[in-house]
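Morning, everyone. I have one model to show, and I will keep it short.

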Amino acid sequence: FIIMMTRFTVLRATARGISFRGATVPTKTALRRGYASAAAATDFRAHLQGALDGIKEAGTWKTERVITSPQAAEITVEGSSAPVLNFCANNYLGLSSHPEVVLAAVRALVERASGLSSVRFICGTQDIHVELERKIAAFHNMDDAILYPSCFDANAGLFEAVLTPEDAIISDELNHASIIDGVRLCKAQRYRFKHMDLEDLEKQLVASQGARVRMIATDGVFSMDGDVAPLREICDLAEKYNAVVFSDECHATGFLGPTGRGTDELCDVRGRVQIINSTLGKALGGAAGGYTAGPREVVALLRQKARPYLFSNSVPPAVVGAASKVFDLLMQSSDLVETIQANTRRFRSRMTDAGFTLGGADHPICPVMLGDARLASDLADDLLKEGIYVIGFSFPVVPKGKARIRVQISAAHTTEQIDRCVDAFIACGRKRGVIA
């Protein structure tokens with residue numbers, strides 16, 4: 001009888017899915033759900049693998065090369081037996097490993113520790129954050145500035161905080177992905193104008209005249225092509241139609257214009273661009289961090305409403321210390337600005353003379369246009385064997401049929417290194433049939 005009752009208890013437990021002597025006995029329903037969940041996960045992974053296989057077949061697979069040295073004009077790469085010349089970093093001024101910048105980062109790390117473990121408005125604001133924001137505002141000749149973990153965050157936080165459904169944003173169709181995502185997050189009316197097309201911009205300004213506030217949003221420099229926005233003409237139209245101008249200066253701050261203030265200085269419209277977003281992660285030390293500089297009312301509202309600011313930890317002290325030193329260096333001298341401009345002219349001139357087609361004009365971003373994605377990838381591999389580190393760019397980073405190798409010039413490059421890069425392009429380009 002006892003044996004029979006024990007068997008009955010186990011069977012009843014199995015049917016109900018209850019615990020028996022410390023072990024949970026699954027029901028048939030639970031087992032079916034488990035099988036369904038496992039099948040869904042398998043199907044999901046198979047779907048992802050299919051997408052990955054498609055990328056490889058299209059020749060657009062992106063492999064991350066591993067650098068085993070500090071960022072600089074000359075670096076060591078895992079798998080290479082000798083140092084290579086780096087011509088694909090955003091290290092425009094060569095300050096990523098500048099001794100004074102590194103020392104300033106170390107000093108901030110020692111004196112203010114590794115991080116704040118807090119957002120800014122709780123207990124995450126140190127004196128060095130306030131000091132850096134003041135330097136940024138002064139550098140751009142703006143009222144105030146606000147720091148973010150990245151410029152992607154700055155762009156994500158700006159539009160939603162300052163624009164409402166009564167307002168309108170008019171955006172260049174080739175603006176950076178972070179601007180596009182920021183625009184999607186806000187509830188303002190959206191208008192888009194053809195890339196750097198002033199006639200189409202005016203059409204959108206006319207079409208949006210019913211909006212309370214209209215903001216024209218553009219990259220100062222478009223990162224894939226190295227072309228510079230016509231800010232003077234954009235500002236003329238903005239003033240004609242009573243609009244506000246916003247410029248993303250990530251690929252301009254620190255090195256574009258006579259003193260490196262950016263696209264607004266290059267185009268002689270300082271004071272006519274109301275809001276500037278930029279990054280500390282390129283020319284300004286290369287670590288991380290971004291910011292908005294503009295009217296004090298804009299910055300004050302961002303501190304109250306910008307979600308990436310309110311819900312992200314403060315920029316780490318070491319990054320703040322390094323960036324602060326960079327601004328000190330830039331305000332003392334324009335030597336690095338002059339060096340990168342001379343290096344850019346030399347590279348562009350020699351490459352054009354050799355028969356290559358380069359995008360943009362007079363900017364350190366020098367896209368070598370190739371068209372075919374696989375050719376861009378293969379040519380980059382050839383160049384690495386010659387000691388030149390560059391990367392092929394293809395869809396979805398750039399439009400289909402517009403694959404290129406984006407060369408980026410630095411003030412840290414010597415004349416000899418510029419010439420070595422061009423010579424390698426010529427040799428490898430001939431082997432691939434890119435040039436005669």
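I will take the sheet, then the cysteines, then one helix residue.

This is a predicted model, where local features need pLDDT of at least 70, side-chain atom pairs count only at pLDDT 80 or more, and totals for chains, interfaces and linings use all residues. Residues are numbered from 1 along each chain as its sequence is written, and side-chain values use heavy atoms, with hydrogens and water left out.

The sheet, then. Helices (H or I, at least four residues) and strands (E, at least two) are DSSP runs, numbered from the N terminus. Three strands, in the order β14-β17-β16, make an open antiparallel sheet. At its edges are β14 (365-371) and β16 (392-393), each with a single partner strand, so one side of each has no neighbour in the sheet. Two strands count as paired if DSSP finds at least two bridges between them; β14 and β17 (residues 403-408) run antiparallel and are joined by six. Gly371, for instance, has Ala403 in β17 as its bridge partner. Helix α14 (residues 335-354) packs on this sheet and touches β14 and β17, contact being heavy atoms within 4.5 Å. The direction of α14 makes about 20° with that of β14; axes are lines fitted to C-alpha atoms, for helices over the stretch in contact, and angles run from 0 to 180 degrees between N-to-C directions.

Now cysteines. With a disulfide defined as a pair of cysteine sulfur atoms within 2.5 Å, the count is zero. For Cys366, the closest cysteine sulfur is in Cys421, 9.3 Å away, too far for a bond.

Last, Ala137 sits in helix α5 (residues 127-139). Ala137 and Pro295 are 158 residues apart in sequence, and 9.6 Å apart C-alpha to C-alpha.
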